[in-house]
Structures are given as C-alpha cells and as structure tokens.
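Please open the structure in your viewer and keep the selection tool at hand. The tour moves from the surface to the interior and ends with the cysteines.

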Amino acid sequence: MQTTDDAVTEFVPRLGLLDATMIVSGSMIGSGIFIVTAEITRNVGGAGWMLAMWALAGLVTVIAAVSYGELAAMFPKAGGQYVYLREAYNPLVGFLYGWSFFTVIQTGTIAAVGVAFAKFTAYLIPAFSETNFLLDLGFFRLSAAQLVSIFIIVLLTYINSRGVKEGAALQTFLTLVKLVSLFGLIVCGFIWGVDADVWRANWQNAWSLSALNQADGQVTYTSLSGLAAFGAIAIAMKGTLFSSDSWHSITSIASEVKRPQRNIGLSLVLGTLVVTAIYLLANLMYLAVVPLKAIAFAPSDRVGVVAADYIFGSSGTIIIAIMVMISTFGCNNGLILSGARVYYIMAKDGLFFRKAGVLNKNDVPGFSLWTQCIWASVLCLTGEYNNLLALVIFGVLIFYILTILGIYRLRRLRPDLDRPYKAPGYPFLPAIYVVVAAVLAVLLLIFETQYTLPGLGIILSGVPVYYLLIRQGNKAAAN
C-alpha cells in the first residue's frame, strides 16, 4: 500500500489568511451558542460555573489549535487530522479516524446542522416544520424539515463542487455576516436588555455547584459534591467543547491555502480566539438580560430566542431565527468544504472509494463531495443523527488526545522533520489539553456509558474494514 501524497500537489493554492480564518470560525459557530447554555446551567447551577465551563472549553480549544499548528506546518497537505494520525502512529490509526469521520463524525454533524437550519426556518415558514410529515409509512416518516436539510446539503455540495474559491468566498461572506450579527446581538443586549436586578440575582450563589430540576413550575436545587460534581462538569463541558468543535477544518484543505506553513497555524489561532471571545461575551449578555431559571429552562433549550425576546420583544424570535439560519448555513458550508478532502487522501492511500481520489475539472474532489452529500442525506432521513453524534463523543476526544500526543511522538521519533512552527509552551501547554480531554473522556465513560461504549464500537468496527481494504489492495497490486 502506498501512502505517498504526491498527487495532493494537484490541488491549487487559492485561499489566503482571511479565507482560512473564516473557515475556522465559520465551521465552529453553528447553533450551539444559542442552545447549549440551557443544559449547562441545569447541570452546574451557578452563573460562575456556567461561565467557567465556556472559559475552560475556550482555553483548551485555543491550546489545541496552537498545538495543531506544529502538525499543520510539518504536513501542509490535504487530509488534516487523518494525515497527522497516520504519520505519528500508523495507517490503521489514521484509517480508524477517517472511518469514524465519514460514517458519523463529519456526515452526522452535517446532517444535524442541516436539520437545525430547517428547524429555525420553520419559525419563518411553518410549512417546513419537523412535525409536518409529508410521508408516513408507520416504520418511516419523512418531514418537511428533513427535506429542507437535504436540500441545503445538496445546494452547498454543488457550490463547493464548482471550485474551492467559490466555496471559500461563500464561507468568508457568511462568517463575516454571522460574526457581525452575533456581535450586534451582544451589543444590543448590553445596551437595551440589561437588568441590574437580574444580573445581581444571577450572581447570587454563583459558585454553588448544583443540579437544577423543574417540576410543576417549581425549580429545585440539588447540591453536588464528589463524583457527582465531576460528572456534572463533564456533561456540561461536553456541550461547550462541541459547540467549539470543527475548528481544525482548515487543516483538511491545507494544500489549497497559500503559504500553508504560516497561514494554517495563524488562522487556527485567530479563528479560535475570535469565537472564544464571542462565546464568552454572549453568555455574559445572557446573564445580564435573562434570569438564571429562564436560561436553564428555556423552551426547547433555545436560550438565544429567550434573550432576544427580552431585548427586542415579540420580533426577537424572527431575529434569532434569521441569525441561526445564517449561522448553520455557513457552518455546514465549512464542514462540507473541508470534509471531502479527508476522503480524497484516504482514497490516495487505497482506503476509500478509488474515484474519491480524483479531482474534477474545478480542481476539487467532486466524487468525495457527492459521496459525503449522499451519506449525510441518508443520516437526515434516519432521524438518528443526534444519537449518532452522541455515540462518537468519546471517540472524538480519544482522537484529539492521540493527535496532540502525536506531537510528542513525532519529536522523539522523527526529529529530522522540518518544523517551521513549533507548538508554543511545549511540552506543558499540549499536556494541559491532553489531561483535560482525558479526564473528560473518563468521566463520560462513567456517566454516559450508553453512548461511549457503542461509540467505541463504531470506531473499532473500522478494524476489519481496514484489513479488508488492505487485502483487496494487495490483490489488485498482484494482478
């Protein structure tokens, strides 16, 4: 089996630093910032703990991003994390990531973000609601929301199949729009929505770690300590970390970035810092505008909608719906653009459909894009995409840990490799990420076994697939 990347040079570098930074930021910001704060608040109880979860997630994300910069500078090629794991360990480890990436991680995220777009579109056009079933066969039901999500995935796939510049231009525009609109919401909240009494009340017992429950309109607080406290923090961190996920999308298209040794690492730092700052400011705004109980028990967890209602009145729902539509549309564009490059490199290694390793006339992996589109659409139809995402959370953390540890491994085993950029704070800063992610993974293994063990099973199911592909490749070479 060949693992050379010679064909990757067929990609044409067309993206500058701004494009790369917008892909990082745009892939991170989806619907999470408008939703997950509710679950976090229910799990940790106090305003201080809620903000701490966002701050810690931002810190470890930035640490991971600056650490990835070393890997990106060493391997400025398409494929990103798949290539890093392959080079740091072996082709099997890289394939297990790529297998999980295609079967659930990337395609499942694309499906879930597409449905989030459809859900908020239904605020403006009720006919697109997920409760409007166009087909009901008993064992299978097709909703208007699922069709809308599939349409969006197909549309964005088509745009990206026309060329990386077209996809990146759309990404830059949409990301700038959603950054400005989200920042505008924050400013409006601080100018028109701040309530001093709400702010003071929210910060009473801010560092009392407790679980919030609501029954018959009454909210009860259950103080947490010991292992239960760690479990609550782990579940809360799960939401914040994965609202900040996909920051590494730009590494998958490194071959199409100008001056990748410089611009990939810089875009990772700039993009994650911008999003982290926006997330912290948004949650500070929530605490200044909305009572803590209303945050924790926002209808359908839509904290952004509740905050907009407090700020703008009845028109707030429409404003947030438009913002989330823009945000999720841009997020999916970045995910679709970057994901296909991973399958392209896997195909070059003989570990994916052969046609996925061919570029179309627009110098992009068209077959990879449409294969990704088809599978993400199938996940939309199953209605199980959110459950699938929950299954791989543990595995995603494991791959992040392995990738960061790969920096240490490569420095020891391959010191001769050119390193135009080195991870700042090495060996201590990368170690912080590894420790935090490892503790979180263990806690999730304890408290969410129903997801972590099946998720690990999905990853390990790639082992026989890998050896089957190797056997087929050896037979083809022999012939």
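What follows is a short series of selections in a predicted model.

**Surface patch**

Select Phe183, Val187, Phe190, Ile191, Trp192, Val194 and Leu281. Together these residues make a nonpolar surface patch of about 660 Å². Now colour helix H7, which spans residues 164–193. Five residues of the patch come from helix H7, the largest share.

Stay on helix H7 and pick tryptophan 192, which is found there. Is tryptophan 192 buried or exposed? Its relative accessibility is 60%, so tryptophan 192 counts as exposed; the cut-off for exposed is over 50%.

**A position in helix H2**

Go next to helix H2, residues 37–44, and select threonine 41 within it. Threonine 41 has 0% relative accessibility and therefore counts as buried. Which residues does threonine 41 touch, leaving aside those up to four places away in sequence? Show Met50, Leu212, Leu292, Ile295 and Ala296: these are its contacts.

**Cysteines**

Finally, select cysteine 373 and cysteine 380. Why is cysteine 373 not bonded to cysteine 380? The sulfur of cysteine 380 is the closest cysteine sulfur to that of cysteine 373, but the two are 9.1 Å apart, too far for a bond; a disulfide needs sulfur atoms within 2.5 Å. Cysteine 380 is likewise in no disulfide, with the sulfur of cysteine 373 as its nearest cysteine sulfur. The disulfide count comes to zero.

Check the surroundings of each cysteine as well. Cysteine 373 counts as buried at 4% relative accessibility, and cysteine 380 is buried with a relative accessible area of 0%.

Key: Residues are numbered from 1 along each chain as its sequence is written. This is a predicted model: local features need pLDDT of at least 70, side-chain atom pairs count only at pLDDT 80 or more; totals for chains, interfaces and linings use all residues. Side-chain values use heavy atoms; hydrogens and water are left out. Patches are made of residues with over 30% relative accessible area and no salt bridge: like charges are joined within 9 Å, nonpolar side chains (Val, Leu, Ile, Met, Phe, Trp, Tyr) within 5 Å. Accessible areas come from the Shrake-Rupley method with a 1.4 Å probe; for residues, only the protein chains shown count as cover. A salt bridge is a side-chain nitrogen of Lys or Arg within 4 Å of a carboxyl oxygen of Asp or Glu. Helices (H or I, at least four residues) and strands (E, at least two) are DSSP runs, numbered from the N terminus. Buried means under 20% relative accessible area, exposed over 50%, partly exposed in between (1.4 Å probe, protein chains only). Contact means heavy atoms within 4.5 Å.
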